[in-house]
Amino acid sequence: MVGVGKSFAVVIPTANRRSFVCEAIERALSQTLPPAEVIVVDDGSADDTVDTIGERFPDHVYLIKQAKDGVQAARNRGILAAKAEWTALLDDDDLWDINYLERASTFLCKAPETQALFTSFRVCEADKIVLPNKFRSAPIEFWNISGGRKVGDDGLSAKFPIENTFDYQPFFPSTTIIHRDLLRTAGGYDLKLRGVKGEDYEFTFRVLLGATCGFLMDAGATVRKHGANDSANSKLLTIGELQILDFIKQVHWQKISSEARPLLDQAIKTKLHSALDAAFTLANPAMVRSFARRIENSLTWNERLKFAISQLPFGVAPRVMKHLDSVGTLRSQIKKGDMSR
């Protein structure tokens, strides 16, 4: 077996997901290249998740318990506890392919310059694959990287242009493996972003920034979307993506090249339009007003109408927004001529 010398610590944060996390742990322990350690950090579960893990994996899992402090803090606790050379992140409801770590080890042996490795994944909803390969679904220009080199049949080693991620971000915690030296440099997850949807992108941004990274283009895991991932969460994710871009501009501006800075500004402007629509669907007039004012000179007619509705008296605006959402999108109502009466 190629690359058996690589050692991996698996870090799994969890909270109130007894059945899901046990499946994730079993798949991690069943790898064709077994991990050196599996660390599960329970983030204040109110069910019997902790007891179940202790009963089913008494000798194979290092279980850390913390009071409810968020997934970022849980991941950080696990990362700090890891002793292996490489830390492999895994969410509690996702499943690695059985040879995920073996493929990673093989790549890392062939590309010793690698500081972090990202692998593509498939997306599953209600036991049905709805996206077979996240990386290969990216815009064509996303993978146009100068100076990259091919590794094996489906691998790429390169310093990834960070500006490519401003508009499209296909990297996911469950298929991210990072060397301990880079973790010391990049730092852990920023706790100031607790509760922000998509907060992991800010961490990924710091990992990618200036590092030599590896990319495995064939899917190596299944990311599961389930009942908790509803339409409202999708809208919150859109708003979260804007909040993360704003945070990156505020905190990391000096680390971004002068060529990439205008691209970040443009990405923020573009995201403001979609975030405005998301806030309207969520019946949040304060957010609609906030986003609209930042792009007031470039609002479409439809967006100006949404802005106007958001300024209706307190209590009225949310009801109008919810009504329009219940009978169909504002755009469709306009097309039908319903708004002209």
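User: Let's start with helices α8 and α10. Is their crossing left-handed or right-handed?

Analyst: In this predicted model, the crossing of α8 and α10 is left-handed. The contact involves His-273, Leu-276, Asp-277 and Phe-280 on the α8 side, with Glu-303, Lys-306 and Ile-309 on the α10 side.

User: At what angle do the axes of α8 and α10 cross, and within what distance do they come?

Analyst: Helix α8 covers residues 261-281 and helix α10 covers residues 301-310; their axes cross at roughly 45 degrees and come within 11 Å. An angle is called roughly parallel under 35 degrees and roughly perpendicular from 65 to 115, and α8 and α10 are therefore oblique to each other.

User: Now the sheets. What should I keep in mind about strand pairing in general?

Analyst: Strands of a sheet pair through backbone hydrogen bonds, and the pairing is either parallel or antiparallel. Here you can follow an open sheet of nine strands, ordered β3-β2-β1-β4-β11-β6-β12-β10-β9, with mixed pairing.

User: Which strands are the edges of that sheet?

Analyst: They are β3 (62-66) and β9 (149-151), each of which pairs on one side only. On average, neighbouring strands in this sheet are turned by 20 degrees against each other, with direction ignored.

User: Does anything pack on the sheet? Which helix should I look at, and which strands does the helix touch?

Analyst: Look at helix α6, residues 200-208, which packs on the sheet and touches β4 (86-89), β6, β11 and β12. The direction of α6 makes about 130 degrees with that of β6.

User: Let me zoom in on β6. How many bridges join β6 to β11, and do these strands run parallel or antiparallel?

Analyst: Three bridges join β6 to β11 (residues 176-179), and the two strands run antiparallel. To find the register, place Phe-118 opposite Thr-176 in β11.

User: And how does β6 pair with β12, parallel or antiparallel?

Analyst: That pair runs parallel, with four bridges between β6 and β12 (residues 212-216). In this pairing Leu-117 stands opposite Gly-214 of β12.

User: Which way do the residues of β6 point, and are they buried or exposed?

Analyst: In β6 (residues 116-119), Ala-116 and Phe-118 point one way while Leu-117 and Thr-119 point the other way. All four of these residues are buried.

User: What about the β9 edge, where β9 meets β10: how many bridges are there?

Analyst: Three bridges link β9 with β10 (residues 155-159), and the strands run antiparallel. Here Arg-149 stands opposite Ser-157 in β10.

User: There is also an open sheet of four strands. What is its order?

Analyst: The order is β5-β13-β7-β8, and the pairing is mixed. The edge strands are β5 (95-96) and β8 (128-131), each pairing on one side only. Further in, four bridges join β7 (residues 122-125) to β13 (residues 221-225), and these two run parallel. Cys-124 stands opposite Arg-224 in β13.

User: That brings me to cysteines. What is a disulfide, in general?

Analyst: A disulfide is a covalent bond between the sulfur atoms of two cysteines. For the sulfurs to count as bonded, they must lie within 2.5 Å. By this rule the model has zero disulfides. Cys-124 is in none, and the nearest cysteine sulfur, in Cys-22, is 19 Å away.

User: Why does Cys-213 not form a bond with Cys-109?

Analyst: Because the sulfur of Cys-213 is 17 Å from that of Cys-109, the closest cysteine sulfur, which is too far for a bond. Cys-213 is buried, at 0% relative accessibility, and Cys-124 also counts as buried, at 10%.

User: Let's try burial on other residues. Why does Ala-74 count as buried?

Analyst: Ala-74 is buried because its relative accessible area is 1%, under the 20% cut-off. You will find Ala-74 in helix α3, residues 71-81. Beyond its sequence neighbours up to four places away, Ala-74 touches Pro-13, Val-41, Asp-43 and Gln-66.

User: And where is Asn-99?

Analyst: Asn-99 lies in the loop between β5 and α4 (100-110). At 30% relative accessibility, Asn-99 counts as partly exposed. Leaving out residues up to four places away in sequence, Asn-99 touches Gln-31 and Thr-32.

User: How does separation along the chain compare with separation in space for Asn-99 and Gly-220?

Analyst: Asn-99 and Gly-220 are 121 residues apart along the chain, and their C-alpha atoms are separated by 7.9 Å. For Ala-74 and Pro-285, 211 residues apart along the chain, the C-alpha separation is 33 Å.

Note on methods: Residues numbered from 1 in each chain as written. Predicted model: local features only at pLDDT ≥ 70, side-chain atom pairs only at ≥ 80, totals over all residues. Heavy atoms only, no water. Buried < 20%, exposed > 50% of the residue type's maximum accessible area, 1.4 Å probe, protein only. Pairing = 2+ DSSP bridges. Axes fitted to C-alpha atoms, helices over the stretch in contact; angles between N-to-C directions. Parallel < 35°, antiparallel > 145°, perpendicular 65-115°, else oblique. Left-handed = near helix turned anticlockwise from the far one by under 90°. Contact = heavy atoms within 4.5 Å.
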